[in-house]
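Work through the exercises below with the model open beside the text. Try each task before reading its solution.

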Amino acid sequence: FGICPIQNERKGDIMFAGLTQFTPRMRVLSDSQIKEIHLAACEILERTGSLIHHKDAQDLLHSHGAVVEKDGLVRIPFNLVDRALATAPERIVLCHRGGERKIFLETGKTYFSPLVDNINIIDPHTKKRRRFVASDAKKMATVMDYTRHMDVVQVGAFADDLPPEIVDRVNTLEMMLHQRKAISFSPKGPEGLLDIIEMGAIVAGGNDELRLNPYLMKLGEPISPLVHDGHAIKELMICAEYELPIVYYPIPMGGATAPATSAGLLAQGHAESLAGLVIHQLVKPGAPFLYGGVATVMDMRSTACVYGGPELYLQCAALADMANYFELPFWGTAGCTDTVDLDEQGAAEIGMSCLLAALSGANLVHDVGLLDQASLVDPVTILFCDEVIDHVKHFMQGIHLSPENFALDVINDVGAGGNYLSEKHTLDHFRDFWTPAYFRRPSLDGMVDKSLLEVLNEKVLEIEKSHEVPPLAEDKVKALRELERKWLKG
């Protein structure tokens, strides 16, 4: 729950609470439980330690009091965790392509981000599953630009017809050219990261502008349990140096790469995130860092990673509580499903997870629209999720109490047995009701011409054909193409 201050205004004999409204919220952890999980994670960092496969990071940690053993195992003392939590900023701002400061990752605000590329895609022209290829990136960017409630585009670096060492840059470039929203991305290595930072600086208007008004955000991961790859740590340190926002999120899987209990899963995942935070803040205190995690479980029947079950939702809500407690922006997960196409199960898992993510206060919710254990993207599902998120956002507005909204004079004028259809108050306020863009509300005969999926598929094809994205400035496109030629030759 949340508590909002209420200022009372007297009108006649009625007391109205009108200047502040209550936003729906939920918690799954108390403050005392958060402290217990945090102390357990600190015990893991000090006692068990983490494998950190990067010499510069080992030396940096050692110079500040960590114990570094010959095999790369590093034991991080509690005071370094405390220091990192104290210096990490409590909010991060992301900008759209034109420099508009649109995304405020801070307490009380939730934004959504779909992954637009993946191993496979459902082709809207054939409605069949196939491998994702380079030409799909532009089409997905156009759909992303059209959406109303997808706030940040997420690039995973997949295209079956491109050399794997450059696909991160190619797909990120397509997003820069063909959609206007902020971009989060997964580079293939430190060289790719530096090239993408250079691309972002071109779009932003220089390195200082990119730093002050970041258009890009980097995605990074440790390897559960308690392993930090050399490339991941190098990229973490580069982001700190450039002050480029980064989320460093583990994906522990209960029963496989983490304990088969919720508490153990949380403690280990928290420890993995904290190790990254400590290194990041030692490189540059105050550099922007998102706390996050995709803590879920392994289905013991199939060995699949569960990406649409209650354990994922509960763990994400718990991590959101922890991020809020430590005043860190939080990277959440929702809008994804285990099904291989958008069916009844997928709709249920997407709807439930998006609502719970908003109620938990997650700041940036990623992997929206993913299918089949995060291996499949579908533009139709992204439009479906856009509608669901609109639905959720309307719910999250709560109920505003004011003299105008109580409408006591209107109620008195209409009286018992009347109706409100012709009242000016109705004309002024009926647009406050949620109106779906795609979901149907058929007339009394209950007849509809097409299924929802058919409507959404037709809309995707229309967007691909007719939606126009304002072009990037010619000088910036020229500079990006020159940089592209450099890494294509490499």
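Two strands count as paired if DSSP finds at least two bridges between them, and helices (H or I, at least four residues) and strands (E, at least two) are DSSP runs numbered from the N terminus. The model is predicted, so that local features need pLDDT of at least 70 and side-chain atom pairs count only at pLDDT 80 or more, while totals for chains, interfaces and linings use all residues. Residues are numbered from 1 along each chain as its sequence is written, and side-chain values use heavy atoms, with hydrogens and water left out.

**Exercise 1. Find the order of the strands in the open sheet of eight strands, and name its edge strands.**

Solution. Step one is to read across the open sheet, whose order is β8-β20-β19-β17-β15-β13-β12-β11, with parallel pairing. Step two is to look at the ends: β8 (111-114) and β11 (152-155) are the edge strands, since each of them pairs on one side only. Step three concerns the twist, for neighbouring strands of this sheet are turned by 25° against each other on average, direction ignored; such angles run from 0 to 180 degrees between N-to-C directions, and the axes are lines fitted to C-alpha atoms, for helices over the stretch in contact.

**Exercise 2. Which residues stand opposite one another around strand β17, and are its faces covered or open?**

Solution. Begin with strand β15 (residues 246-248), which pairs with β17 in the parallel sense over two bridges, and where Val-247 has Leu-290 of β17 as its bridge partner. Next, β17 pairs with strand β19 (residues 330-333), again in the parallel sense and over two bridges, and here Tyr-291 stands opposite Phe-330 of β19. In a regular strand the side chains alternate between the two faces of the sheet. Finally, both faces of β17 (residues 289-292) are covered, with Phe-289 and Tyr-291 buried on one side and Leu-290 and Gly-292 buried on the other, where buried means under 20% relative accessible area, exposed over 50% and partly exposed in between (1.4 Å probe, protein chains only).

**Exercise 3. Which residues of helix α3 are buried, and what covers them?**

Solution. In helix α3 (residues 78-87), the buried residues are Leu-80, Val-81, Ala-84 and Leu-85. Seen down the axis of α3, they fall within an arc of 135°, so they line one face of the helix; the arc is that of the directions from the helix axis to the C-beta atoms. Their cover includes α1 (31-48), α2 (55-63) and α9 (262-283).

**Exercise 4. Describe how helices α12 and α16 pack.**

Solution. First, helix α12 (residues 379-396) and helix α16 (residues 452-466) pack at an angle of about 110°, with their axes 9 Å apart. The two helices are therefore roughly perpendicular to each other, on a scale where angles under 35 degrees count as roughly parallel, over 145 as roughly antiparallel, 65 to 115 as roughly perpendicular and the rest as oblique. The contact (heavy atoms within 4.5 Å) involves residues including Pro-379 and Leu-383 of α12 and Leu-452 and Ile-463 of α16.

**Exercise 5. Is Asp-390 buried or exposed, and which residues does Asp-390 touch?**

Solution. Asp-390 lies in helix α12, and its relative accessible area of 12% makes Asp-390 buried. Leaving aside residues up to four places away in sequence, Asp-390 touches Arg-148, His-149, Trp-434 and Thr-435.
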